[in-house]
Amino acid sequence: MQQEYIEFPAAGEVRPIPSANTRHPYQHQLDAIKALDRMDSENISYSTLIVLPTGGGKTYTASTWLLRNALDKGKKILWLAHRQTLLDQAAESFQKFAYATEISHISSFNYRIVSGSPNHDKTVNISPKDNLLIISKDSLGRKSNLERLDAWLGNEKEIFLIIDEAHHSTAKTYRRIIDYSNFPHKKY
């Protein structure tokens with residue numbers, strides 16, 4: 001069965017969908033969300049990992065939790081992946097599940113997808129107004145591109161750094177990005 005592919009603009013504004021999500025999470029997704037809620041309520045900086053089998057809904061689980069617990073609270077998200085399909089999947093999930101019940105405290109959020117694809121944006125266009133950056137690790141890995149995060153990070157007290165397919169996070173390019181973004185006052 002081939003998954004339907006939906007192409008989204010490289011950058012834009014997402015407004016809440018004026019209804020509730022009709023997709024009901026599976027029990028393993030509810031358990032993951034509950035664990036994330038518990039960790040977040042402790043209000044300390046942390047690192048965590050969502051581990052679900054292939055097709056278990058990791059992107060859905062993470063994006064729905066982040067819509068409610070990051071974007072709805074005015075916190076920025078840096079989502080890193082190593083393949084364009086993962087970037088597109090994340091962008092689709094954030095847009096498809098941006099229901100008013102999840103983001104009830106904001107009127108919209110801005111996103112930007114950055115990669116080497118002609119369908120995506122470039123690091124030079126990263127704006128401090130972007131709430132959600134979905135970026136390929138190769139687009140951000142060079143020092144000159146990493147420095148483009150400076151204005152975006154600004155005086156943020158907290159960001160969420162997500163590494164899709166976290167087993168890649170030990171690679172040199174990922175480590176450079178993590179180290180660059182790892183300020184003591186940042187949550188990642």
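Two strands are said to pair if DSSP finds at least two bridges between them. I begin with that criterion because the sheet in this predicted model is described through it.

Strand E3, residues 109-114, and strand E4, residues 132-136, meet the criterion with four bridges, and they run in the parallel sense. Within this part of the model, Arg112 stands opposite Leu133 of E4.

Let me now widen the view to the sheet as a whole. It is open and has five strands, in the order E1-E3-E4-E2-E5, and the pairing is mixed. At the edges are strand E1, residues 11-14, and E5, each of which pairs on one side only. Averaged over the sheet and with direction ignored, neighbouring strands are turned by 15 degrees against each other. Helix H3 packs on this sheet and touches four strands, namely E1, E2 (76-81), E3 and E4. The direction of H3 makes about 165 degrees with that of E4.

From H3, which spans residues 84-96, I would like to single out Gln95. Is this residue buried or exposed? Gln95 counts as buried because its relative accessibility is 16%, and the cut-off for that class is under 20%. If neighbours within four places in sequence are left aside, the contacts of Gln95 are Phe8, Val14, Ile17 and Tyr111.

I turn next to a pair of helices. Two packed helices are described by the angle between their axes and the distance between the axes. For H1, residues 27-41, and H2, residues 58-69, the angle is about 40 degrees and the axes are 10 Å apart. Their crossing is right-handed. Which residues meet there? On the H1 side they are Gln29, Ala32, Ile33, Leu36, Asp37 and Asp40; on the H2 side they are Tyr60, Thr61, Thr64, Trp65, Arg68 and Asn69. By character, this contact comprises five nonpolar, four polar and three charged residues.

My last item concerns backbone geometry. Most residues other than glycine have a negative phi. Glu165, by contrast, has a positive phi, near 60 degrees. Where is Glu165 found? Its place is the loop between strand E5, residues 159-163, and helix H7, residues 172-181. Glu165 counts as partly exposed because its relative accessibility is 31%, and that class lies between the limits of 20% and 50%.

Terms used: Residues are numbered from 1 along each chain as its sequence is written. This is a predicted model: local features need pLDDT of at least 70, side-chain atom pairs count only at pLDDT 80 or more; totals for chains, interfaces and linings use all residues. Side-chain values use heavy atoms; hydrogens and water are left out. Axes are lines fitted to C-alpha atoms, for helices over the stretch in contact, and angles run from 0 to 180 degrees between N-to-C directions. Helices (H or I, at least four residues) and strands (E, at least two) are DSSP runs, numbered from the N terminus. A crossing is left-handed if the near helix is turned anticlockwise from the far one by less than a right angle, and right-handed if clockwise. Contact means heavy atoms within 4.5 Å. Ala, Val, Leu, Ile, Met, Phe, Trp, Tyr, Cys and Pro count as nonpolar, Asp, Glu, Lys and Arg as charged, and the others, Gly among them, as polar. Buried means under 20% relative accessible area, exposed over 50%, partly exposed in between (1.4 Å probe, protein chains only).
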